[in-house]
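Reader: I'm just getting started with protein structures, and I'd like a close look at one part: the aromatic rings. Could you walk me through how they pair up here?

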Amino acid sequence: MEIFTLQNPHLRMRVTSQGAALLALDTADKQPILRALQDNASFHPGDSALFPMLPLANRVAENRYPQGKETVELPGKPGDPEGFLHGNGWLEKWVACETAPDAITLHLRAIERCGFDYHAQLTYALEGHRFIAKLVITHCGATPMLYGGGFHPFFAKTPDTQLHFSAGGYWPEDARHLPLAWSSTLPATLDFARPRLPGARWINNGYSGWSGVARLISAGREVILRSDTPWLMVYQTETSEFICLEPQTHPVNAHNLPGQPGLRMLAQAESLAFSMEIDVLIH
């Protein structure tokens, strides 16, 4: 597995070409910002600290969706909502084309029989106390196709870590981890308009009306997520030492929601671009 170590005086990241995943993002004194490197014999991007989601984010109900008068059958088992989970970009091997001591740019060319035919360019960079990720997806096929994406970071947390962000509403989830009807009323356990502990509980919910900023506040440190995407997915398990704050260009299962919110129909040579930043403030 190809691994690149990039750093500046404040931060260090380790990047692999497999899935264009971050294996770690640490401070100069080796304090993890994202979850620590998972030392597994057989690496999977799901074990990483961060991976990109493209050409869609999260799940699509029944692994299919309408596009005009046609139905797009996504790769994987028919009817399986996890058949194309997070798309295919995080499972492919990327090519590192440009590297510097504190930045790297990776490229991917991917084609799927269902119609996805794209080139992706992903740049990770360190600037002072800030980590920056920028992704550009360009459709290469002659037939237009719906695109979306996001980033899937696993933020390190401790029992005293508080989460803070504002949102206009959320989607409860069903037993298949797909969204139920949207609600403007947030239950207290999922309302982070004021800093609060996420607690040791299962969370797997998408939020709309996100301000584009989320904060993780711990003793002596504040980690700030910023993104130009309108939707945020929050995920943790009851026992995890991480919490995922996933900026997405569209809500979960947008492909099957009225109006397909947030998705972009790209013609040949058209692109979708979005970015994410993580600032680390030491108090």
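Author: Sure, let's dig in. Searching the whole structure, which is a predicted model, turns up 13 aromatic pairs. Take Tyr 118 and Tyr 147 to begin with: their ring centres are 6.1 Å apart and their planes meet at 85°, so this pair counts as edge-to-face. An angle over 60 degrees is what earns that label. The two tyrosines come from distant parts of the chain, with Tyr 118 in strand E9 (residues 117-127) and Tyr 147 in strand E11 (residues 145-147), 29 residues apart. Both Tyr 118 and Tyr 147 are buried.

Now hop over to Phe 154 and Phe 242. Here the ring centres sit 5.1 Å apart with the planes at 75°, so this pair is edge-to-face too. Phe 154 belongs to strand E12 (residues 150-156) and Phe 242 to strand E19 (residues 242-248), so the pair ties together parts that are 88 residues apart in sequence. Like the tyrosines, both of these phenylalanines, Phe 154 and Phe 242, are buried.

Phe 154 and Phe 242 also have company: along with Phe 51, Trp 90, Trp 202 and Tyr 235, they form one aromatic cluster.

And there's a charge to spot here as well. Arg 35 has its charged end over the ring of Phe 154, 3.8 Å from the ring's centre. That charged end of Arg 35 also sits over the ring of Phe 242, this time 5.0 Å from the centre. So if you want a place to zoom in on, try Arg 35 with Phe 154 and Phe 242.

Conventions. Residues numbered from 1 in each chain as written. Predicted model: local features only at pLDDT ≥ 70, side-chain atom pairs only at ≥ 80, totals over all residues. Heavy atoms only, no water. Phe/Tyr/Trp six-rings, centres within 6.5 Å; stacked < 30°, edge-to-face > 60°. Helix = DSSP H or I, 4+ residues; strand = E, 2+ residues; numbered from the N terminus. Buried < 20%, exposed > 50% of the residue type's maximum accessible area, 1.4 Å probe, protein only. Lys NZ or Arg CZ within 6 Å of the ring centre and 35° of its normal.
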